[in-house]
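Colleague: Hi! Could you walk me through how the two chains meet? I'm new to this, so plain words please.

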2 protein chains.
Amino acid sequence: MTEPRLVEVRKNVLKQNDLVARALRARFREAGVFVVSLVSSPGTGKTAFLEKTLTLMRQHYRVAAVVGDLATENDAIRLSRSQAPVKQITTGTLCHLEAAMVEKALEDWNLRDLDFLFIENVGNLVCPSSYDLGEDLRAVLMSVTEGEDKPLKYPTIFNSADIAIITKTDLAEAVEFDWDEAYRSIQSVRPHMELLRVSSKSGEGMDAFVQRLLKAPCTMPSTRQELNH
Amino acid sequence: MTEPRLVEVRKNVLKQNDLVARALRARFREAGVFVVSLVSSPGTGKTAFLEKTLTLMRQHYRVAAVVGDLATENDAIRLSRSQAPVKQITTGTLCHLEAAMVEKALEDWNLRDLDFLFIENVGNLVCPSSYDLGEDLRAVLMSVTEGEDKPLKYPTIFNSADIAIITKTDLAEAVEFDWDEAYRSIQSVRPHMELLRVSSKSGEGMDAFVQRLLKAPCTMPSTRQELNH
C-alpha cells in the first residue's frame, strides 16, 4: 500500500525541484555565469579536484563554489584555501542537493559578479541523479581506486551526466587500473560519453578540464569574452 | 506542503521495514546463523573483502552471501569464485537494501544449513543507515583512498554500525593516509567504536576480522560449536 503513495509523493518533490531548477537556470543564463556540478561517490576526490580547478581558474576568471555535505564545513574550509568565494550547504540526512538549497545558498551573492559557479554535490552515486540543479554541465567523477565497473553498477548517474572524469590517475598503476575495461564500462552505459583523466595530486589533466570549460558553448557570454582578452 | 507528507510516508516505509527485519532476525536466531552486513561507499572494496572472507571461512564454516547493487550481477559472479552460495539482489534505482528484499532472496535457502550469512549492501553512505536488515553485526567500511574525514561527513551511517573497517591499507602510504586523523574522526562521531584495518590485497587484518566474528557473543550456537571442534 505504501509504495505507490511514496512514488507519487516523490514525483511531486521532483516536479517541484524541476520548477526551481528551471528558474535557477534562467537566472544563471541571464547573469552570464556558467554552472558546473560535480557528482561522485564519497572519497572520489571532488573537493581536491575542485580546489585545484578554482585555484587555476581564479587567476583569469571570477569563480565561486557551493558545496554540499550531510555534515561539517570541512569542504568549504578546504575550498576557501583557493581564495574563491565558497558556501557550504549541509543537508542533514539528505543524500543529494536540491535546487532550492542551491537557490538559498546563492541568496546573498550577485551572480553577475561570477563567470563560473561550481556546485559540488553530496558524495553519492544514486540520489543526485534525478535532481536538476540548473547546471549547464554535470560531471560525474570516478577514481581509479573504486574499480572499473562503477558505470555498470550506477548507470543512472552516468546517464544523467554530460562528462565523465576519472580521478586519482597517479594511483592507477598501484591499483592496476584497467583503462580499457573502464572505457568499455562507460561506453556501454553511455556510448560516446566524453571522458577526461585527471590527478589533483600530479596535476595531470587539470588544464584539459579548464580548457573544456572555456570551450563549452554557453561559456562565452560577453562578460567572459572580455575577460578572455 | 509536500515535505511533511513525504516524511510521514517515509516513516511508514521504515516502520514496515522494521517489522520485516524483526521477523528476519528471529528466523536467523532460531536457525543459528550469524548475520553480518557490510555498508560503505561505492568502490571501498566491500566485494573484494567479502570474497576474501568467504574464501577464508568456508574451509571451516558454512557461509553464504547476499549482495545488493542497483544493476549487474557482477558482484555475485565475483563472490561465487569463493565457492560459497551467493545471491544477487538488484535494486533498480533504490540506494539501499530493505529487509523484504533480503527475505525474498533467502526464500529458497534453508537457513539451518548456514553458520554465517553476509549481506553486502548497495554502495552508499547515506541511504542504508536507517534500514535494519535483521543483521547481528553491521560493519561500515571506509578505504584509505577516500580520506580521513568520511565519518564526520556521514555520521549517521557510522552511528548505525557496530564496527568500522578501514580497507585498502596497502595503499595507505601512497595516499599519505593520516591514521591519527582517521581515528579522531571515528571516535568523535562514535566514541569507543571498534576498529579494524584490512587489506584484501595483502591479506592484512583478514584473520583478525574472522576471529572477531567467531568471538561475537551470538556466533556460537550449538551447530557452530560442533564445527569448531
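Colleague: How many residue pairs are in polar contact across the interface of chain B and chain A?

Modeller: Good place to start! This is a predicted model, and across that interface the rule finds 14 residue pairs in polar contact, both residues at pLDDT 80 or more.

Colleague: Which helices of chain B supply at least two residues each to the side that touches chain A?

Modeller: Those are helix 1 (2–31), helix 3 (74–79) and helix 5 (150–153). Helix 1 of chain B gives the most, with 8 residues.

Colleague: And what classes of residue are on that side of chain B?

Modeller: There are 18 nonpolar, 11 polar and 12 charged residues on the side that touches chain A.

Colleague: Charged, nice. How many salt bridges does the rule find across the interface?

Modeller: The rule finds 4 between chain B and chain A. In a salt bridge between B:Lys201 and A:Glu176, the side chains meet at 3.4 Å, N to O.

Colleague: Switching topic: how much area do the chains bury between them?

Modeller: About 3,400 Å², with 57% of it on carbon and sulfur atoms. On the chain B side, B:Arg5, B:Pro42 and B:Lys153 lose the most area to chain A, together 17% of what that side buries.

Colleague: What turn lays chain B on chain A?

Modeller: A turn of 180°, with a shift of 0.0 Å along the axis, and the RMSD is 0.0 Å. That is how a two-fold axis relates copies. The same surface serves both copies, as 100% of the contact residues of chain B recur in chain A.

Colleague: How many residues does each chain bring to the contact?

Modeller: Chain A brings 41 residues and chain B brings 41 residues.

Technical notes. Residues are numbered from 1 along each chain as its sequence is written. Chains are lettered from A and ligands numbered from 1 in the order in which they are written. This is a predicted model: local features need pLDDT of at least 70, side-chain atom pairs count only at pLDDT 80 or more; totals for chains, interfaces and linings use all residues. Side-chain values use heavy atoms; hydrogens and water are left out. Contact means heavy atoms within 4.5 Å. Buried area is the accessible area (1.4 Å probe) that two parts lose on being put together, summed over both. A polar contact is a pair of N or O atoms within 3.5 Å; within protein, one must be able to donate a hydrogen and the other to accept it, and residues adjacent in sequence count only if both atoms are side-chain atoms. Helices (H or I, at least four residues) and strands (E, at least two) are DSSP runs, numbered from the N terminus. Ala, Val, Leu, Ile, Met, Phe, Trp, Tyr, Cys and Pro count as nonpolar, Asp, Glu, Lys and Arg as charged, and the others, Gly among them, as polar. Copies are superposed by least squares on the C-alpha atoms of residues with pLDDT of at least 70 in both.
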